[in-house]
Amino acid sequence: MDATALDNLREALRGPLVTPQDAEYDETRSIYNAMIDRRPAAIARCTGTADVRTTIAFARQTGVELAVRGGGHSGPGLCLVDGGLTLDLSLMRWVRVDPLNRTAQVGGGSVLGDLDHETHSFGLGVPAGINSTTGVGGLTLGGGHGHLTRKYGLTIDSLLAADVVLADGGVVTTTEKEHPDLLWALRGGGGNFGVVTSFTFRLHPVDTVGVAATVWPVEQTQEVLRWYREFLPSAPEDLNGFFAFMAVPPAPPFPEPLHGKKVCGVIWCYTGDLEGGRLDDVLSVVNDPAPPAFHFATPMPYPVLQTMFDDLVPKGLQWYWRGDFFDTVTDEAMAVHERFGRELPTGLSTMHLYPIDGAAHDVAPGETAWAYRDATWSGVIAGIDPDPANADLIRRWCVDYWSALHPHSMGGSYVNFLGESEEPDRVRATYRDNYARLAAVKHTYDPDNFFHANQNIPPAA
């Protein structure tokens with residue numbers, strides 16, 4: 001980029017403009033997935049809407065490629081472009097709770113920990129994710145699922161409004177009455193339509209929840225999955241549980257003899273009544289498939305549950321992931337799961353099946369951009385390791401696992417689980433019949449496809 005133009009941009013911004021000449025450049029360009037090593041020409045750390053508009057205007061005037069960063073959790077690193085300009089929202093972290101109306105307005109750079117901290121003091125919360133470090137923006141624009149999905153639906157089902165800076169620099173507030181087509185698209189359509197500087201969510205009662213971890217030897221995967229696929233969809237919506245493979249971490253509450261062992265298991269969250277040992281009664285069923293190797297259950301403040309995995313998978317690890325939607329877990333898929341569960345390539349590599357039934361099924365496929373309202377699980381396969389030397393190992397395991405499992409899927413994936421270098425048709429498959437409408441909304445608000453560093457939906461002709 002032209003040095004004079006960059007100096008002019010620096011003067012126009014209230015937040016800092018970071019370039020490769022600055023000491024903080026490498027730290028500023030780093031994101032959650034250390035497998036991504038891209039070098040933007042500049043990073044505009046915006047402090048508000050004015051900085052966002054200034055950055056967009058600069059990118060349009062100079063023709064430089066623009067990427068948008070919220071929490072920096074994008075698996076394929078879509079928030080960075082080599083030689084381009086990153087519009088960084090991470091300084092815009094704020095949450096304002098209205099307990100009377102049960103709503104929260106959230107800055108575009110906020111992470112889930114910010115949201116949970118503020119809402120929890122009022123006994124309220126938003127169904128969103130399983131890690132406190134995840135960006136609110138990226139998770140919401142992709143749809144958002146987590147521990148509260150069966151009870152309260154997807155994150156987008158609680159999205160009431162958004163302030164958006166458009167490609168032409170205009171600013172709109174989208175609600176069910178104002179620009180409703182844009183709100184529909186933001187509810188799952190990704191970062192295709194503008195830069196969201198704030199989100200407004202409906203809040204739900206959530207305070208102390210019942211949390212449990214149940215694990216079985218990986219050799220019992222098929223028995224456990226056969227039970228899990230029948231039990232959970234029929235369970236009360238107060239009970240959520242995602243299935244996972246893992247190597248048992250060497251930390252409490254797991255006993256030392258299990259440390260490092262490959263297991264399958266379920267992480268439970270119960271939002272019902274916890275009085276009188278109710279949690280133990282609800283989870284007495286964990287003995288049905290086979291006696292577990294370990295079972296631990298305790299009441300826990302919801303924000304503590306949201307931080308439970310933060311230390312296990314901190315920023316700076318190598319990640320490679322792919323996903324799919326499933327309406328059931330077929331017997332053939334169970335065999336695939338067991339094979340690759342036994343072959344976990346590293347201690348942190350995993351596979352999760354997140355339930356997306358219950359309240360998430362109360363919304364019709366056409367009511368939001370998220371098209372897979374008939375899916376029961378959102379699956380993700382994640383190769384993870386701290387050592388860059390193992391990048392090819394975890395990538396190969398993930399791709400092989402996904403290739404064997406994909407024929408048993410519904411064809412599309414949660415857009416936030418689409419991995420690096422996947423076919424463009426995967427984006428179309430993710431939105432099914434909603435794709436054409438999304439392309440039309442894209443044409444209305446971004447006809448030149450200015451925002452294309454994302455899981456892109458080109459504008460309709």
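**A walk through selected elements of the model**

Let me begin with helix α8, whose buried residues are Thr 221, Val 224, Leu 225, Trp 227, Tyr 228, Arg 229, Phe 231 and Leu 232. I should say at once that what we are looking at is a predicted model, and that the values I mention are computed from it.

Staying with α8, one can ask how its length compares with expectation: the helix covers residues 221-234, and at 1.5 Å a residue its 14 residues should span 20 Å, which agrees with the 20 Å that separates its end C-alpha atoms. The helix also has a kink of about 30°, and this kink is centred on Tyr 228, a residue that I have just named among the buried ones.

Let me turn now to another helix, α4, which runs through residues 112-120 and has Leu 112, Asp 114, Leu 115, Asp 116 and Thr 119 as its buried residues. What do these buried residues of α4 pack against? Their partners are the strands β5 (95-98), β6 (103-107) and β7 (124-125), together with the helices α5 (136-142) and α10 (302-306).

Strand β6 brings us to β10, since these two run antiparallel and are joined by five bridges; within β10, the residue that stands opposite Val 106 is Phe 199. Strand β10 is also joined to β8, residues 159-165, by six bridges, and this pair too runs antiparallel, with Val 196 in β10 serving as the bridge partner of Val 164. As for how covered β10 is, seven of the eight residues in this strand, which spans 195-202, are buried.

For a contrast, consider Lys 177, which lies in the loop between β9 (171-174) and α7 (180-186). Is this lysine, Lys 177, buried or exposed? Its relative accessibility is 77%, and because exposed means over 50%, Lys 177 counts as exposed. Although Lys 177 and Ala 161 are 16 residues apart in sequence, their C-alpha atoms are 9.8 Å apart in space.

I will finish with the cysteines. How many disulfides does the structure hold? The count is zero. For Cys 46, the nearest cysteine sulfur belongs to Cys 79 and is 14 Å away, whereas a disulfide would need the two sulfur atoms within 2.5 Å. Cys 46 is itself buried, its relative accessible area being 0%. Cys 398 is likewise in no disulfide, and for this residue the nearest cysteine sulfur, again that of Cys 79, is 19 Å away; with a relative accessibility of 0%, Cys 398 also counts as buried.

Notes. Residues numbered from 1 in each chain as written. Predicted model: local features only at pLDDT ≥ 70, side-chain atom pairs only at ≥ 80, totals over all residues. Heavy atoms only, no water. Helix = DSSP H or I, 4+ residues; strand = E, 2+ residues; numbered from the N terminus. Expected span 1.5 Å × (residues − 1). Bend = angle between axes of the 7 residues up to and from the residue. Buried < 20%, exposed > 50% of the residue type's maximum accessible area, 1.4 Å probe, protein only. Contact = heavy atoms within 4.5 Å. Pairing = 2+ DSSP bridges.
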